Structures are given as structure tokens and as C-alpha cells.
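Subject: Model handover

Hello,

Here is the model for your files. My notes follow below it.

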Amino acid sequence: MFTFWLNGERVQLPAPPIAMSLLEWLRVEARLTGSKWGCGEGGCGACTVLLWRPNYPTPQPINGCLTPLGAIYGCQVLTVEGLGGKHPIQQA
């Protein structure tokens with residue numbers, strides 16, 4: 001079973017599409033569209049998510065467009081949707 005955590009919730013995939021990019025999986029399968037497809041080369045940052053790897057104390061920003069889904073096994077991923085509510089300026 002392929003397991004990782006997404007925005008604090010455990011995700012288990014019985015047969016994950018390992019070659020699919022994390023960004024594609026987030027947008028298509030998880031329907032989390034806050035991370036965007038931009039340049040596709042990791043230069044623009046539109047697809048950035050935070051990744052906590054096991055035994056690493058701090059998160060790392062990664063490019064979802066360049067990261068294969070298979071690379072996040074056992075990790076924690078935080079997307080913009082997982083940050084919580086909107087800032088008061090965004091609400092206005």
C-alpha cells in the first residue's frame with residue numbers, strides 16, 4: 001500500500017500511478033487546484049508545495065511538476081489548501 005500524508009490526512013493508494021507527477025495527481029485525482037501548472041520546468045514556482053521527509057526536521061519546498069508521485073512515499077505534503085483560512089485582506 002502506497003501511503004503518504006496530504007494536508008494532515010493519511011492517503012493510501014492501492015495501485016498508485018508512480019510515473020504521474022505530484023502536481024498532476026493533486027489536480028486530477030485529489031482535486032486540489034491551488035498549485036498551478038506554470039512553466040513545467042521548476043522555474044516559476046506556481047506548483048510549489050511543502051514536503052516533510054521522514055527524519056528531516058524542516059519542510060522543503062518542492063516543485064510538484066518535477067516530482068514523481070512515487071517519490072513522496074511516507075512523506076507529508078502541504079498544499080496551499082492545507083494552510084487554513086484566508087487572510088483578512090483576501091476575505092475583503
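Two strands pair if DSSP finds at least two bridges between them. Helices (H or I, at least four residues) and strands (E, at least two) are DSSP runs, numbered from the N terminus. This is a predicted model, so to speak with care: local features need pLDDT of at least 70, side-chain atom pairs count only at pLDDT 80 or more, and totals for chains, interfaces and linings use all residues. Residues are numbered from 1 along each chain as its sequence is written, and side-chain values use heavy atoms, with hydrogens and water left out.

**Overall**

The protein has two helices and five strands. Their order along the sequence is β-β-α-β-β-β-α. The radius of gyration, taken over C-alpha atoms, is 13 Å. A compact globule of 92 residues would come near 12 Å, so the value agrees; the globule rule is 2.2 Å times the number of residues to the power 0.38. Along the principal axes, the C-alpha atoms fill a box of roughly 45 × 25 × 25 Å.

Buried residues (under 20% relative accessible area; exposed is over 50%, partly exposed in between; 1.4 Å probe, protein chains only) make up 30% of the 92. Take contacts (heavy atoms within 4.5 Å) between residues at least 6 apart in sequence: 55% of them join residues at least 24 apart.

**Strands**

β1 (residues 2-6) and β2 (residues 9-13) pair in the antiparallel sense, over five bridges. They form a hairpin with two residues between them. Asn7 sits in the turn and has a positive phi of about 50°. Leu6 stands opposite Glu9 in β2.

β3 (residues 48-52) runs antiparallel to two other strands. Four bridges join it to β4 (residues 60-63), and three join it to β5 (residues 76-78). Val49 stands opposite Ile62 in β4. Leu51 has Val77 in β5 as its bridge partner.

In a regular strand the side chains alternate between the two faces of the sheet. β3 shows such alternation. Val49 and Leu51 point to one face and are buried. Thr48, Leu50 and Trp52 point to the other and are not buried.

**Core**

The largest nonpolar core (buried Ala, Val, Leu, Ile, Met, Phe, Trp, Tyr and Cys residues joined through side-chain atoms within 4.5 Å) has 17 residues. Phe4, Leu6, Leu22, Trp25, Leu69 and Ile72 touch the most other members. The elements giving two or more residues to this core are β1, β2, α1 (22-29) and β3.

Leu22 is worth a look. Leaving aside neighbours within four places in sequence, Leu22 contacts Val49, Ile62, Gly64, Thr67, Pro68, Leu69, Ile72 and Val77.

**Cysteines**

How many disulfides does the rule give? Zero, with a disulfide being a pair of cysteine sulfur atoms within 2.5 Å. The sulfur of Cys44 is 3.8 Å from the closest cysteine sulfur, in Cys39, which is too far for a bond. Cys47 is in no disulfide either; the nearest cysteine sulfur, that of Cys65, is 3.5 Å away. Cys44 counts as partly exposed, at 47% relative accessibility. Cys47 counts as buried, at 3%.

**Loops**

Two non-glycine residues have a positive phi: Arg31, at about 60°, and Asn55, at about 70°. Arg31 lies in the loop between α1 and β3. Arg31 is exposed, because its relative accessibility is 71%. Asn55 is in the loop between β3 and β4. Asn55 is exposed too, with a relative accessible area of 81%.

Best wishes
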